[in-house]
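Open the model in your viewer and keep the selection panel handy. We will go stop by stop, and each stop says what to pick and what is there.

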Number of protein chains: 2
Amino acid sequence: MSDAVTGLAADRALLDRTSTAERVADILRTRIIEGYFPPGTRLSELTIVKELGISRNTLREAFRLLTHERLLMHEMHRGASVRKLTIEDVVDLYRVRKAVECAAVRQLDPADHAGIDRIEQAVADGERAAESGDWSHVGTANLRYHQAIVALAESPRLDDLMRGVLAELRLVFHVMADPRRFYEPYLARNREIITRMKAGDVAGADTMLAEYLADAERQLVEAYASKAAQP
Amino acid sequence: MSDAVTGLAADRALLDRTSTAERVADILRTRIIEGYFPPGTRLSELTIVKELGISRNTLREAFRLLTHERLLMHEMHRGASVRKLTIEDVVDLYRVRKAVECAAVRQLDPADHAGIDRIEQAVADGERAAESGDWSHVGTANLRYHQAIVALAESPRLDDLMRGVLAELRLVFHVMADPRRFYEPYLARNREIITRMKAGDVAGADTMLAEYLADAERQLVEAYASKAAQP
DNA sequence: AGATACGCGACTGTTCAACAATCCCACAAG
DNA sequence: CTTGTGGGATTGTTGAACAGTCGCGTATCT
């Protein structure tokens with residue numbers, strides 16, 4: 001009986017159970033992303049080791065995972081701390097987004113209904129969340145929307161890259177004091193972009209997405225600059 | 001006296017000594033890239049630990065670094081082995097290259113003489129190496145050429161991504177038995193692309209580069225398929 | 001004979017404790 | 001105000017230990 005017959009190969013990821021370090025990284029990642037550990041916080045090895053009941057080596061492994069995701073910063077003999085993104089980082093992140101997301105849209109195959117459906121589902125989810133006033137949910141739906149756009153390229157490496165980029169951006173989004181004002185205008189634009197894609201207007205979707213990203217970048221940079229002015 | 005005055009901040013990287021794990025990773029990376037450890041080779045912890053005189057924990061950290069770079073594959077209770085790239089991997093790598101390199105070219109600022117110079121230098125270096133028949137040198141010059149193209153975007157994250165992509169591709173290039181036949185045709189094309197860029201013909205450079213990448217991909221996939229036919 | 005079950009050796013996953021190296025901070029001296 | 005000089009805390013690295021798992025050869029059964 002081969003994998004092709006049983007179709008079990010896909011469930012393999014559930015089988016190789018994750019290592020302790022990965023689970024620790026999951027815990028820390030959530031804390032960081034949700035703002036429990038604000039940027040700049042130094043993560044003491046001894047403290048966390050005692051609280052989680054794991055060994056230092058395991059924790060250090062988790063640190064390495066998160067450092068590679070650029071959520072932590074690691075300095076020799078100074079330990080790990082939550083990354084503090086600069087304005088240059090924000091600009092760079094949007095450069096990556098423009099390159100990757102637009103490339104994915106530009107090579108869209110109009111026959112890829114599965115891919116387009118995933119995007120539309122994320123858009124609809126965001127709209128529902130907005131109606132019920134759950135702006136945090138709108139935020140995660142928006143991330144899923146952009147992840148789905150990149151998924152159009154069907155490239156595992158670009159998917160990975162995008163996952164990391166969006167995780168980093170979540171560090172940034174905390175500076176937006178009013179999530180509603182930030183996210184609301186993008187709901188209609190998301191809807192319009194997906195409409196163009198379904199109509200086969202790839203070039204139109206491309207330009208709209210590029211403008212969308214430029215606007216979001218400008219807004220974030222402004223919020224960042226005003227925050228830096230009065231720390 | 002501030003950093004802005006002394007300009008020493010750039011040399012900081014020389015100061016923070018790299019950790020032992022990173023140096024070990026450097027050693028192994030070179031061996032892997034140069035083909036000393038062919039794809040599929042299992043790297044025994046005990047053997048390497050004894051030969052390099054380091055501890056298992058440190059080596060395992062180095063393994064982790066290389067696994068993140070996708071040069072090693074790690075399986076539970078089976079250890080680390082040199083990645084064996086599949087045809088799907090090659091296709092994916094070229095998808096990434098197309099997205100990133102073309103994006104960098106498309107947003108080229110014709111006034112960025114420093115960036116264009118770096119590219120032209122790599123092209124000239126490759127041409128010189130070709131004249132003296134050093135085809136291995138032609139290969140590394142070619143990699144520097146593409147790295148320089150991505151550098152046009154001035155994005156640290158895209159630079160990083162590209163570095164990893166090119167390292168992976170070196171695993172693949174070993175299947176090309178005749179490096180001359182592989183690299184020679186690209187010399188003229190590299191020269192032509194940089195000429196267009198200098199002339200401000202961004203769109204032309206973009207299309208040429210896209211065709212270049214498509215051709216290289218096709219050639220590699222063919223070589224890969226014929227190798228798989230007679231292992 | 002062929003398939004299955006068992007057991008052994010080798011290797012990896014994880015943790016712990018110890019020591020060396022480095023950083024941070026307070027304090028003293030010029 | 002700047003420049004040494006401690007000591008305490010934290011990190012980097014190592015070696016050893018033990019449990020879990022895999023690969024493979026041997027034995028057993030039908």
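The tour begins with one chain, moves to the pair of chains, and then visits the DNA strands and some helix packings.

**Before you click**

This is a predicted model, in which local features need pLDDT of at least 70 and side-chain atom pairs count only at pLDDT 80 or more, while totals for chains, interfaces and linings use all residues. Residues are numbered from 1 along each chain as its sequence is written, and chains are lettered from A and ligands numbered from 1 in the order in which they are written.

**Stop 1: chain A alone**

Select chain A and show it as a cartoon. You should find eleven helices and three strands. Helices (H or I, at least four residues) and strands (E, at least two) are DSSP runs, numbered from the N terminus. Walking from the N terminus, the order of elements is α-α-α-β-α-α-β-β-α-α-α-α-α-α. The C-alpha trace of chain A spans about 65 × 55 × 35 Å along its principal axes.

**Stop 2: two helices in chain A**

Now select residues 20-33 of chain A, which form α3(A), and add α5(A). How far apart do the axes of α3(A) and α5(A) come, and at what angle do they cross? They come within 8 Å and cross at roughly 60°. Axes here are lines fitted to C-alpha atoms, for helices over the stretch in contact, and angles run from 0 to 180 degrees between N-to-C directions. That crossing makes α3(A) oblique to α5(A); angles under 35 degrees count as roughly parallel, over 145 as roughly antiparallel, 65 to 115 as roughly perpendicular and the rest as oblique.

The crossing of α3(A) with α5(A) is right-handed. The term is left-handed if the near helix is turned anticlockwise from the far one by less than a right angle, and right-handed if clockwise.

Show side chains where the helices meet: α3(A) brings residues including A:Ala21, A:Val24 and A:Leu28, and α5(A) answers with residues including A:Leu59, A:Ala62 and A:Leu65. Two residues are in contact if their C-beta atoms, placed from the backbone, lie within 7 Å. By class, this contact of α3(A) with α5(A) holds eight nonpolar, two polar and three charged residues. Ala, Val, Leu, Ile, Met, Phe, Trp, Tyr, Cys and Pro count as nonpolar, Asp, Glu, Lys and Arg as charged, and the others, Gly among them, as polar.

**Stop 3: where chain A meets chain B**

Bring back chain B. A turn of 179° and a shift of 0.1 Å along the axis lay chain A on chain B with an RMSD of 0.2 Å, superposed by least squares on the C-alpha atoms of residues with pLDDT of at least 70 in both. That is the relation of a two-fold axis. The same surface serves both copies, as 95% of the contact residues of chain A recur in chain B.

In the interface, 19 residues of chain A are in contact with 20 residues of chain B. On the chain A side, α5, α6 (87-106) and α9 each supply at least two residues, and α6(A) gives the most, with six.

For a close-up, select residues 156-173 of chain A, α9(A), and residues 87-106 of chain B, α6(B). Their axes are 8 Å apart, and the helices pack at an angle of about 55°. That makes α9(A) oblique to α6(B). A:Pro156, A:Arg157 and A:Leu158 face B:Asp92, B:Val96 and B:Ala99 in this contact.

**Stop 4: DNA strand D**

Select DNA strand D. 16 residues surround it, the closest being A:Glu45, A:Gly79, B:Thr20, B:Asn57 and B:Thr58. A residue is near a strand if its C-beta atom, placed from the backbone, lies within 6 Å of it. Which element gives the most to the surface near DNA strand D? Color α5(B), which gives three residues. The residues of this surface divide into four nonpolar, nine polar and three charged.

**Stop 5: DNA strand C**

Finish with DNA strand C, surrounded by 15 residues; A:Ser19, A:Ser55, A:Thr58, B:Glu45 and B:Gly79 are the closest. Here α5 (56-68) of chain A and α4 (45-52) of chain B are the elements that give two or more residues. The surface near DNA strand C has three nonpolar, ten polar and two charged residues.
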